[in-house]
Amino acid sequence: MPAPAQSPPAQSPPVALPLATVQTEPLLVSADLRDGIDLSGDWHYSIDPYRSGIAGFHGEAPDRGQQRYLDIDVRQAMAADNRTLYEFDMAHSPVARLPGAWLAATPELRHYQGLVWYQRTFTAPADRKGRVFLRFGAANYATVVYLNGQPLGRHEGGFTPFAFEATRLLRDGENQITIGVDSAATPTTVPPPVTDWENYGGVTREIRLVQTPATYVDTAWVRLTRDGKLAVDAHLDGPAAANAPVRLTIADLKLDLAGKTDAAGNWRATMAAPRALVRWSPEQPKLYDVTLSSGEDRWRDRIGFRTVERRGADILLNGKPVFLRGISMHEEEIGANPARIITPANARALLGEIKEGLHGNYVRLSHYPHSEVMTRAADELGLLVWSEVPVYWMVAWGNTQTLATARNMLAENILRDRNRASIAIWSVANETPVSDARNAFLRQLIADVRALDDTRLVSAALLVERDRAAKVPTMAMADPLAADLDVLAINTYNGWYTGDRLADLPGSVWQIPDDKPLIFSEFGADAKAGFHSPEKMQKFSEEFQAEFYRKTLEMADRVPTLRGMSPWILKDFRSPRRQNPDFQIGWNRKGLISETGERKQAFAVLADYYARKAAVAGR
Ligand code: GCB
């Protein structure tokens with residue numbers, strides 16, 4: 001969420017824009033469905049590896065101030081007066097298409113991590129009234145935004161939306177917007193520098209100018225509660241927010257509920273769910289057009305209604321036990337040179353492989369919040385979702401700023417996606433070694449999830465301890481956090497990173513609490529599409545990967561509390577830590593499809609397994 005607009009700091013910090021506190025407004029929930037101007041397209045860009053521009057955008061001309069960037073043609077000014085010096089000239093810099101990570105813009109940027117400036121001009125809407133916001137789907141990692149040379153706001157976090165109010169700074173006619181995006185991770189960022197995926201720097205999701213009336217619906221959450229009621233929570237922002245008439249309508253259900261906000265602009269109401277309500281499920285992903293009107297504003301969304309609960313070791317969807325037939329996925333489109341551009345078509349190409357190809361009903365959107373385009377596509381196609389924040393491996397557990405950043409990210413993610421029927425599980429971490437500081441950090445995040453959303457389950461991918469003396473692979477859950485979670489989740493790579501024989505995997509012993517559902521949130525092995533080794537079963541061959549899946553699935557069948565799985569991973573993905581020159585060359589090869597979409601042998605192994613599971617479940 002944005003921190004209030006303020007002048008840029010005098011010195012450039014390692015990450016341009018640390019956030020001091022958790023901010024909550026403006027949220028502009030479901031802004032992607034509001035009217036606005038799409039600022040996608042060509043933007044000028046200029047790298048700034050020493051972050052000089054942070055201390056005053058690209059150096060200050062004291063007599064002219066910031067305005068010069070809009071009003072002055074740098075080339076002409078230097079030609080006209082030989083005392084004039086500008087070392088940056090955005091208007092004549094090369095262009096790149098946004099949204100999209102900069103690594104694909106030019107070969108020189110392929111491995112650049114640091115600050116990049118973007119700039120473009122646009123024309124303000126002629127019929128301007130009410131309020132205007134600049135809304136970013138996501139920019140990785142820290143962002144500062146200037147409108148017509150004036151600072152508008154800053155944001156930290158690479159995967160969640162943020163908006164800045166631009167009503168005052170927007171002028172009639174042509175406007176100039178400048179964005180600084182710093183991709184550099186530090187030990188205190190979330191995630192920290194070492195991960196196992198590409199750090200796609202840049203503006204990776206849509207930028208839009210969104211218009212609203214002076215008083216507008218900033219947040220709305222419409223849902224089915226576990227006791228079968230329709231509930232709405234909304235917050236209005238603006239001069240007429242207090243004691244304002246509000247009205248929720250779902251035309252398809254003939255639902256029309258009127259109410260009034262309180263003095264703080266909040267409205268909360270519940271009602272019995274209409275009898276005609278069709279509950280959302282992977283088999284029948286029914287969505288309703290929902291509108292919330294107040295004054296001149298008309299907020300809308302497309303929402304599915306269902307319940308998700310835990311009962312003992314079962315996960316219940318609409319009251320019935322469900323087995324999660326899933327796979328994990330990074331936010332990376334299919335193609336030889338991805339730039340993290342998730343269009344509706346790209347999202348459907350990926351999710352379609354899961355839904356139709358693998359007979360899945362579930363996806364783990366790892367390891368950070370994915371685009372809202374993806375979660376909307378999951379709603380439409382009927383895939384349950386595990387959504388997660390990048391609290392990954394070694395985070396600065398004792399750092400209060402890091403905790404604030406993680407909490408902010410988690411809140412932004414939940415507030416963005418609480419209306420998505422597909423989201424079943426919020427996960428707070430992945431493979432984080434147990435320590436007191438880590439436990440306290442994650443307990444805070446778990447408490448935040450429960451405070452923001454009591455209609456979903458909370459999980460985290462945990463580490464297990466291996467009994468080195470045991471003859472067969474023997475793993476025990478020794479993580480105190482297990483007690484705080486609804487769903488236990490484990491990543492297991494026995495037989496890939498360990499020397500276990502694949503034949504021994506089915507006999508593995510799992511010492512896991514028996515009163516909670518367990519998910520294998522990851523298991524997998526690398527294979528280079530087209531590399532075969534049927535006799536030797538060499539690692540990186542398609543045959544090895546397929547056999548790894550067969551044996552791991554046999555093992556899974558013997559774990560009594562297992563209620564789902566999301567093997568690692570749907571598609572080969574870029575990872576700078578994977579440099580085996582024969583097989584990887586910068587790609588983690590654990591995909592069931594290659595980066596260009598070729599299916600490997602293991603794809604059919606999992607697809608057959610899920611087809612059988614679906615048949616047993618009667619769907
Ligand atoms: C893991 C991580 C995941 C890695 C994967 C691997 O446990 O959660 O981010 O990419 O293993 O391929 O090793």
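Begin with the lining of the largest pocket in this predicted model: its residues divide into 11 nonpolar, seven polar and nine charged. Colouring the selection by these three classes shows how the lining is made up. The pocket itself has a volume of about 530 Å³. Of the 27 residues that line the pocket, those closest to its centre are Glu431, Leu463, Asn491, Tyr493 and Tyr497, and these five make a suitable second selection.

Next, display the secondary structure and select β28 (465-466) and β30 (487-491). Each of these strands supplies at least two residues of the lining of the largest pocket.

Now show the ligand. What space does the ligand take? The ligand takes the space of the largest pocket. Select the shell around the ligand, which comprises 14 residues; Asp196, Tyr392, Glu431, Tyr497 and Lys590 come nearest. The residues of this shell divide into five nonpolar, four polar and five charged. Glu431 and Tyr497 deserve a label at this stage, as they are among the residues closest to the pocket centre and also among those nearest the ligand.

Then turn to the oxygen atoms of the ligand and draw three distances. A polar side-chain atom of Asn430 lies 2.9 Å from an oxygen atom of the ligand. For Arg578, an N or O atom of the side chain is 3.1 Å from a ligand oxygen. For Tyr493, one of the residues closest to the pocket centre, the corresponding distance from a side-chain N or O atom to a ligand oxygen is 3.3 Å.

Finally, switch on the protein surface around the ligand. On its own the ligand has 320 Å² of accessible area, of which the protein covers 97%.

Conventions
Residues numbered from 1 in each chain as written. Predicted model: local features only at pLDDT ≥ 70, side-chain atom pairs only at ≥ 80, totals over all residues. Heavy atoms only, no water. 1 Å grid on protein atoms, 1.4 Å probe; cavity = no way out; pocket = protein on both sides within 12 Å on 5 of 7 lines; lining within 4 Å. Points joined across faces, edges and corners; volume = space filled by probe spheres on them. Helix = DSSP H or I, 4+ residues; strand = E, 2+ residues; numbered from the N terminus. Nonpolar A, V, L, I, M, F, W, Y, C, P; charged D, E, K, R; others polar. Near = heavy atom within 4 Å. Polar contact = N/O pair within 3.5 Å; in protein donor to acceptor, adjacent residues only side chain to side chain. Areas by Shrake-Rupley, 256 points an atom, 1.4 Å probe, with all protein chains shown as cover. Sits in = over half its atoms within 2 Å of the grid points.
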